[in-house]
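Trainee: I'd like to go through this one with you and ask why things get the labels they do. Could you pull it up?

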Amino acid sequence: MVKIINEAKALPKRFTPAVEKAITGHAKATEAYGLKTVTTVDTLKAAGILSTDFISPKSEGSTATPELNAAFKAAIIKGLSAAKRKLLDAPAKSLSDKDKADRKVVQQSIGAYMGAFKRDLYAREPEGIAKAKAKKEAGRAAQQPTGQTKAAGSAAKVLESLQQAVKRARAIEEPEFDVVALVDLLAKAQQIVVKH
């Protein structure tokens, strides 16, 4: 006699001990990360570090000196894997296209860490606390625009995206495409959006 198991009621065979261990390990690591983040932010706050210290000293609203900004980034880099640090230390011209792309991702992750520290510190500063409280008191989110208002908002978003694409294209140090031609096409696209 063949025994039929209804997998909808029984634990599927694909849920192996290895799967359980991986999920449990991830949950533990996430919990530990959350606690470490809180501890780190507490340490920064106690030392007098401000959220605005994590803004580039070249940008408006920054309270960081170039030296402090460099020290933050160096501390983040020390926490990265040896492979990522090696990518950052290597001269750009000695890297393959894949390594250059990987290096860019690592550089962006440093910016993400800086942004996360800024966000987490801001949430504990008086202005950030007041903003969060006001948002909570505001209750329900505003209604989504409809009709012509929505269309105008959508056009503005498209225009903003096109402008960002132009800036990004111009910022590429060693492009693999014709930046001038791309910028011209994006300018034409902007004209189409503005006319309609």
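Mentor: Sure. Keep in mind that this is a predicted model. Let's begin with a side-chain pair: Asp42 and Arg124 meet in a salt bridge, with N to O at 2.2 Å.

Trainee: What makes the pair of Asp42 and Arg124 a salt bridge?

Mentor: A salt bridge needs a side-chain nitrogen of Lys or Arg within 4 Å of a carboxyl oxygen of Asp or Glu. Here Arg124 brings the nitrogen and Asp42 the oxygen, at 2.2 Å, so the pair qualifies.

Trainee: Which parts of the chain does that pair link?

Mentor: Distant ones: Asp42 sits in helix α1 (residues 17-46) and Arg124 in the loop between α4 and α5 (126-138), with the two positions 82 residues apart in sequence numbering.

Trainee: Why are Asp42 and Arg124 called partly exposed?

Mentor: Buried means under 20% relative accessible area and exposed means over 50%, with partly exposed in between. Asp42 has 38%, so it lands in the middle class, and Arg124 has 29%, so that residue does too.

Trainee: How many salt bridges does the structure hold?

Mentor: Three. Another joins the side chains of Lys98 and Asp102, at 2.8 Å from N to O. Lys98 and Asp102 are four residues apart in helix α4, which means about one helical turn separates them.

Trainee: And is Lys98 buried or exposed?

Mentor: Exposed: its relative accessibility is 56%, and the class begins over 50%. Asp102 has 27%, so Asp102 is partly exposed.

Trainee: Which residue forms a salt bridge with Asp120?

Mentor: Arg119, with the closest N and O atoms 3.1 Å apart. That is also within the 4 Å limit, so the label holds. Arg119 is exposed, because its relative accessible area is 54%.

Trainee: Let's move on to the helices. How many helices and strands does the chain have?

Mentor: Seven helices and zero strands. Along the sequence that reads α-α-α-α-α-α-α.

Trainee: Why is α3 called roughly perpendicular to α4?

Mentor: The axes of α3 (residues 82-89) and α4 (residues 97-122) come within 9 Å and cross at roughly 105°. Angles of 65 to 115 degrees count as roughly perpendicular, so α3 and α4 get that label.

Trainee: Which residues meet there?

Mentor: From α3, Lys84, Leu87 and Leu88; from α4, Asp99, Asp102, Arg103, Val106, Gln107 and Ile110. By class, this contact has four nonpolar, one polar and four charged residues. Asp102 is the salt-bridge partner of Lys98 from before.

Trainee: What makes α1 and α4 roughly perpendicular?

Mentor: The α1 and α4 axes cross at roughly 75° and come within 10 Å. That angle falls in the 65 to 115 degree range, so roughly perpendicular is the right term. Thr37, Thr40, Val41, Leu44 and Lys45 of α1 make the contact with Phe117, Asp120 and Leu121 of α4. Sorted by class, the contact of α1 with α4 has four nonpolar, two polar and two charged residues.

Trainee: How do you know that Ile76 is buried?

Mentor: Its relative accessibility is 10%, and buried means under 20%, so Ile76 counts as buried. Ile76 lies in helix α2 (residues 66-78).

Trainee: What does Ile76 touch, leaving out residues up to four places away in sequence?

Mentor: Ile110, Tyr113, Met114 and Phe117. Ile76 and Met114 are 38 residues apart in sequence, but their C-alpha atoms are 8.5 Å apart in space.

Trainee: Which residues have the most contacts inside the largest nonpolar core?

Mentor: Ile49, Phe54 and Leu121, in a core of 15 residues. The elements giving two or more residues to this core are α1, α2, α3 and α4, and the largest share, four residues, comes from α4. Leaving aside neighbours within four places in sequence, Phe54 is in contact with Leu44, Ile49, Phe72, Met114, Phe117, Lys118 and Leu121. There is also a second, separate core of six residues, including Leu162, Val166, Val183 and Leu186.

Trainee: And what share of the chain counts as buried?

Mentor: Of its 196 residues, 16%.

Note on methods. Residues are numbered from 1 along each chain as its sequence is written. This is a predicted model: local features need pLDDT of at least 70, side-chain atom pairs count only at pLDDT 80 or more; totals for chains, interfaces and linings use all residues. Side-chain values use heavy atoms; hydrogens and water are left out. Axes are lines fitted to C-alpha atoms, for helices over the stretch in contact, and angles run from 0 to 180 degrees between N-to-C directions. Angles under 35 degrees count as roughly parallel, over 145 as roughly antiparallel, 65 to 115 as roughly perpendicular and the rest as oblique. Contact means heavy atoms within 4.5 Å. Ala, Val, Leu, Ile, Met, Phe, Trp, Tyr, Cys and Pro count as nonpolar, Asp, Glu, Lys and Arg as charged, and the others, Gly among them, as polar. Buried means under 20% relative accessible area, exposed over 50%, partly exposed in between (1.4 Å probe, protein chains only). A nonpolar core is a set of buried Ala, Val, Leu, Ile, Met, Phe, Trp, Tyr and Cys residues joined through side-chain atoms within 4.5 Å.
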